[in-house]
Amino acid sequence: ITVVTWNVGTAMPPNDVTSLLHLNTGETNDVDMIAIGLQEVNSKINKRLKDALFTDQWSELFMDVLSPFHFILVSTVRMQGVILLVFAKYYHLPFLQDIQTDCTRTGLGGYWGNKGGVSVRLSIFGHMVCFLNCHLPAHLEKAEQRKEDFATILHMQQFEGPVANGILDHDLVFWFGDLNFRIESLDICFVKYAIDSNVLSQLWEKDQLNIAKSTWPVLRGFQEGPLNFPPTFKFDVGTNKYDSSAKKRKPAWTDRILWKIKPPSKGWGAGGHRPSQGVLSVSQLCYCSHMEYTVSDHKPVAAIFAVQFASKVDKPQVEIYVADEWSRPEHAVVRYKMAVGFHRSSWDWIGLYRVGFRHPKDYVSYVWARNDDGERCVSGLQVMFSEEALPKGNGEYILGYYSNTSSSIAGVTEPFQISLPRSEEGSSSTDSSGSSSEEDDSTLVLLAPKSRSPSPGKVKRHRSRSPSLAKFQGLILRPSSRDRGTSRSPSPQSRRSLPRNIPTIHLPQEELGHHGVKGKELGQAAESPEGSSFYQTVQEQGGLWRVSADSPLARADPRNLGLLPALRLEMIDQALGWRRDSADQGYYPCRKTSPTSPPGSGTSPKEGGKP
C-alpha cells in the first residue's frame, strides 16, 4: 500500500507525478493500493462550481496517470480543499467491500471545512482498514488545538455496519495529512544548520508530534517511520529554498504519515478459543519526501507499506464466465454465479470496460443483471449484450459486476479480446464522435466524453481551462434527444428518434432584422473570427433561424467540447410553446434510466419497464 500526502497550496497540478507515486520504479508491480491525501486544493466559489460539473483537476491527473498501470479509483471524498482518493488494482476490486466515507469540519468551531478530516473505510480481504486524511490547525502555539481537533475527528466519524463503527475500531488505520506539528524550543538558525549538516536526528526530540505520541492518550499505538528527510515546510514556491519572506517561518515536518494496528482483544474469544496473534502485520518499506515538486510551499511525502494478513475471503461474491474472444455479436454471452448470502439488487448491472478504465462507472456499455427473470443456465444466470452495445474493432476488455447495494464491483473477469468488424452502420449507432450533423441538421448538440457519466472522462488538455457558454439572454437548457438515445441504453432497439426538423436555437426574425443596431452588430460579428464560427451558420427557414450542417460547430468532434451534459439551447418564449406542441404530438420517448440514475427516478426492472 502506497500512501501520499501533499498540501498543494491551491496550486495547479504539475505535468508529471510518476516519481511521487513511485511509478518509475519496479516497486509499482508490487503495489496493490494507493491512497492520496491532498490539502488546500483550490476551493474558491468558481472552482467549486466547475468541480461540481467536472472532476477536479487533481483527481483527473491521478486517474490519468494511474489507469495505464491498472489502478482503478475505488472511492473518493472531498471537504472543501481536503481530498482523499483511494485506488486499487482492478483484480482486487471484488475483495474490497463495505466502502464508506465520512468527513468532519473543525474550522471556525466546526462550521468551516478548511480544517478537519476526511476518511475512506473499507474491508480488504475481510480486514477492516481506514484511511484518514487530516488538515489540522497551523502555528507553533496551536499544539493543544491540534490535539483537540484530532480527538473530535475520531469521535465524530462513525460508520454503519456491525463492525468497525469508529475509526479506531478498524484493524488498521492510516493517519496522514498536513498535521501542522512544529519544532519547539530550537531557533531557526540551529534548525537550518541541522538540515544543511544532515544531522536531522538532533531535531526529532523537539518535534511536537514525537512528543505528543508519548504524552497524548489519543495517539497511543500510532507508529511512524524515522524522519530521515528534510522538513517539508515552508518553502518559497518554485524553489527548494526555505521561507525567505519577512516572516521567515521555521522549517518543520508538518506533513506526516502514521499507522496503527488494532490491538488484539484480551481473554478468550467466541467458542472458547484464544484469539490468534499476529493476524495482521505492517512494515514500512519507504518514507520520504519529494523535493522535485515546487508548485507549493509544502513538499509531498510518500510511504510504502507491506501489509501481511491471513485472507478471510477466497472467492469473489460474483463469479463471471466469458469466452476468451468475442469475434461475432452472438459470442457476447455473459454467465455469472452469485455466492450464497450475496445481497443482490434489481439495480445491479454488468459493465463492459476497456482495459485501463479509470473508475467503476467508466464503462463502454452495460446490461442489467436481473435476477428475477434472467435466463438461467447450468452455471448460474446468463445475460447477453446487444450488437449495438458492443464496441467495433479490436481491443482488450474486462467485464465487471456492479453491486448497487454495496456501490462497488463484486466480480471481474480477466481481460479478453473483442474483435468485431467495423461497419458504417454499427459505428454510427455506437460512436458519438461520428458525423452527427447528418442525422439532424437543425440541432446544435454539445457533447462531453462518454466517461463523463457519472465522472468526467479522460480529457488531459482540459484540466486547466473552464468551459464557457455563449451569453445568450433568456435561454433555457434541457437534455438533448441524443443524450437520451445514446448507445449507453441496455435496450438500444427501443430507442425512438426525434423528428429531423426540430428547431434548436430559435431567434425570432423581428429581433434580428427589425432593429438596425442589432442587425449591424450581427453583420460585424459575422465578419469577426469569433462571430464567424456561429453567425455564419444561421439560416432563415420558415421564420426561424437554425444551425446548418456545414457549420464548424456541427462538424466538431464532440469529445473536444468539454461540456456536461449534452445541451439544447432555445429561446424561452419559443421553447415553451414548442414543448406543449411536442408533448401533444408525442415526440418525446419514454424516460429511460441508466446505472447512474437513482432508483426512484424510473421504473424498476422488476416491474418490466425498459431501463
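The following exercises, each with a worked solution, concern a predicted model.

**Exercise 1. Determine which strands form the open sheet of 6 strands, and in what order they stand.**

Solution. Begin with the order of the strands, which is S3-S4-S2-S1-S11-S10, with mixed pairing. Next, identify the edges: S3 and strand S10 (280-289) are the edge strands, as each pairs on one side only. Finally, consider the turn between neighbours: neighbouring strands of this sheet are turned by 15 degrees against each other on average, direction ignored.

**Exercise 2. Describe how strand S1 (residues 2-7) is paired with S2 and with S11.**

Solution. Take S2 as the starting point. Strand S2 (residues 33-39) runs parallel to S1, and 6 bridges join the two. Two residue pairs illustrate this contact: Thr2 has Ile34 of S2 as its bridge partner, and Val4 stands opposite Ile36 in S2. Then turn to strand S11 (residues 301-309), which pairs with S1 in the antiparallel sense over 4 bridges. Here Val3 stands opposite Ala303.

**Exercise 3. State how many residues of S1 are buried, and which residues lie on each of its faces.**

Solution. First, recall that a residue is counted as buried when its relative accessible area is under 20%. By this criterion, 6 of the 6 residues of S1 are buried, and the strand is mostly covered. Second, separate the faces. In a regular strand, side chains alternate between the two faces of the sheet. In S1, one side carries Thr2, Val4 and Trp6, while the other carries Val3, Thr5 and Asn7. Both faces are covered, since the residues on either side are all buried.

**Exercise 4. Examine strand S3 (residues 71-79): why is it described as largely enclosed?**

Solution. The first step is to consider burial: 7 of the 9 residues of S3 are buried, so the strand is largely enclosed by the rest of the structure. The second step is to find its partner. S3 pairs with strand S4 (residues 82-89) in the antiparallel sense over 8 bridges, and the bridge partner of Leu73 in S4 is Phe87. The third step concerns the hairpin of S3 and S4, which has 2 residues between the strands; Gln80 takes a positive phi near 55 degrees there. To complete the picture, helix H2 (residues 57-66) lies across S1, S2, S3 and S4, and runs at about 15 degrees to S4.

**Exercise 5. Give the strand order of the open sheet of 5 strands and name the helix that lies across S5, S6, S7 and S8.**

Solution. The order is S5-S6-S7-S8-S9, and the pairing is mixed. The edge strands are S5 and strand S9 (255-261), each of which pairs on one side only. From one strand to the next, the twist averages 15 degrees. Within this sheet, S6 and strand S7 (residues 127-135) pair in the antiparallel sense over 9 bridges, and Ile124 stands opposite His127 in S7. The helix sought is H3 (residues 143-156), which lies across S5, S6, S7 and strand S8 (172-178) and runs at about 140 degrees to S5.

**Exercise 6. Locate Tyr111 and decide whether it is buried or exposed.**

Solution. Start with the position: Tyr111 lies in the loop between strand S5 (96-107) and strand S6 (112-124). Then apply the cut-off, by which exposed means over 50% relative accessible area. Because its relative accessibility is 73%, Tyr111 counts as exposed. Lastly, consider its surroundings: Tyr111 forms a nonpolar surface patch together with Leu108 and Trp112, and these residues have about 450 Å² of accessible area together.

Conventions. Residues numbered from 1 in each chain as written. Predicted model: local features only at pLDDT ≥ 70, side-chain atom pairs only at ≥ 80, totals over all residues. Heavy atoms only, no water. Patch = residues over 30% accessible without salt bridge, like charges linked within 9 Å, V, L, I, M, F, W, Y side chains within 5 Å. Areas by Shrake-Rupley, 256 points an atom, 1.4 Å probe, with all protein chains shown as cover. Salt bridge = Lys/Arg side-chain N within 4 Å of Asp/Glu carboxyl O. Buried < 20%, exposed > 50% of the residue type's maximum accessible area, 1.4 Å probe, protein only. Pairing = 2+ DSSP bridges. Axes fitted to C-alpha atoms, helices over the stretch in contact; angles between N-to-C directions. Contact = heavy atoms within 4.5 Å.
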